[in-house]
Amino acid sequence: MAEPQSLQRGERGEQLQLQLQQQQHPRSHQVVKAATAVTAGGSLLVLSALILAGTVIALTIATPLFVIFSPVLVPAVITLGLIIIGFLASGGFGVAALTVLSWIYRYVTGKHPPGADQLDQARHKLASKAREMKDKAEQFGQQHLTSGQQQSS
């Protein structure tokens, strides 16, 4: 009977050792993560400081040049910006037009493009409303004619 207790104690000891190892492993893993994060963050911080210093130096050197050449640079930048915006807008409108024409072609040829169901439903609703308005107008016209005939008699 002493042997099963010693086996149980041995198993418990092994379980405790495994738990200790598992607890130590995540700690070392966390330390590695933290060290990596600090290293990456620090190097990025140094890099951003260097870029900031370079930007300040470049602006210090370039500002007098901008002031001297501003009568030429400002209109040139405005013109260049308008040209770029014009090309981008015309390209965007061209792509939109091609997309719409392609959709219309697929719709007309019966290939059922996306949104065709909604278009058909809207067309049916408009047609039914137009019929209703036509019927109401005819009824109003008939009522108006009959009331006009009664007043003249």
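Q: Why is Phe 66 called partly exposed?
A: In this predicted model, Phe 66 has a relative accessibility of 48%. Partly exposed covers what lies between the buried cut-off, under 20%, and the exposed cut-off, over 50%, so Phe 66 at 48% is partly exposed. You will find Phe 66 in helix α1, residues 2-108.

Q: What makes Leu 65, Phe 66, Ile 68, Phe 69 and Leu 73 a nonpolar patch on the surface?
A: Patch members need over 30% relative accessible area and no salt bridge, and nonpolar side chains are joined within 5 Å. Phe 66 shows how the first test works: its 48% is set against the cut-off of over 30%. Together the five residues have about 500 Å² of accessible area.

Q: How do you know that Asp 120 and Arg 123 meet in a salt bridge?
A: Their side chains come to 3.4 Å, N to O. The cut-off is a Lys or Arg nitrogen within 4 Å of an Asp or Glu carboxyl oxygen, so this pair qualifies. Both residues lie in helix α2 (residues 116-152), three residues apart, about one turn of the helix.

Q: Why does Arg 123 count as partly exposed?
A: Arg 123 has 46% relative accessibility. Exposed would require over 50%, and buried under 20%, so partly exposed is the class that fits Arg 123.

Q: What makes Glu 132 and Lys 129 a salt bridge?
A: Here the closest N and O atoms are 4.0 Å apart, to be set against the cut-off of within 4 Å. The pair is listed as a salt bridge. Glu 132 and Lys 129 are three residues apart in helix α2, which means they are separated by about one helical turn. A search of the whole structure finds two salt bridges.

Q: Why is Lys 129 called exposed, and why is Glu 132 called partly exposed?
A: Lys 129 has a relative accessible area of 51%, and the exposed class begins over 50%, so Lys 129 is exposed. Glu 132 has 40%, which falls between the two cut-offs, so Glu 132 is partly exposed.

Q: What makes residues 44-70 and 76-105 a "transmembrane region"?
A: That name comes from an unreviewed UniProt entry, which lists both spans; such annotations may be inferred rather than shown by experiment. In the model, residues 44-70 are 100% helix and 0% strand, with end C-alpha atoms 35 Å apart. Residues 76-105 are also 100% helix and 0% strand, and their end C-alpha atoms lie 43 Å apart.

How values were computed:
Residues are numbered from 1 along each chain as its sequence is written. This is a predicted model: local features need pLDDT of at least 70, side-chain atom pairs count only at pLDDT 80 or more; totals for chains, interfaces and linings use all residues. Side-chain values use heavy atoms; hydrogens and water are left out. Helices (H or I, at least four residues) and strands (E, at least two) are DSSP runs, numbered from the N terminus. Buried means under 20% relative accessible area, exposed over 50%, partly exposed in between (1.4 Å probe, protein chains only). Patches are made of residues with over 30% relative accessible area and no salt bridge: like charges are joined within 9 Å, nonpolar side chains (Val, Leu, Ile, Met, Phe, Trp, Tyr) within 5 Å. Accessible areas come from the Shrake-Rupley method with a 1.4 Å probe; for residues, only the protein chains shown count as cover.
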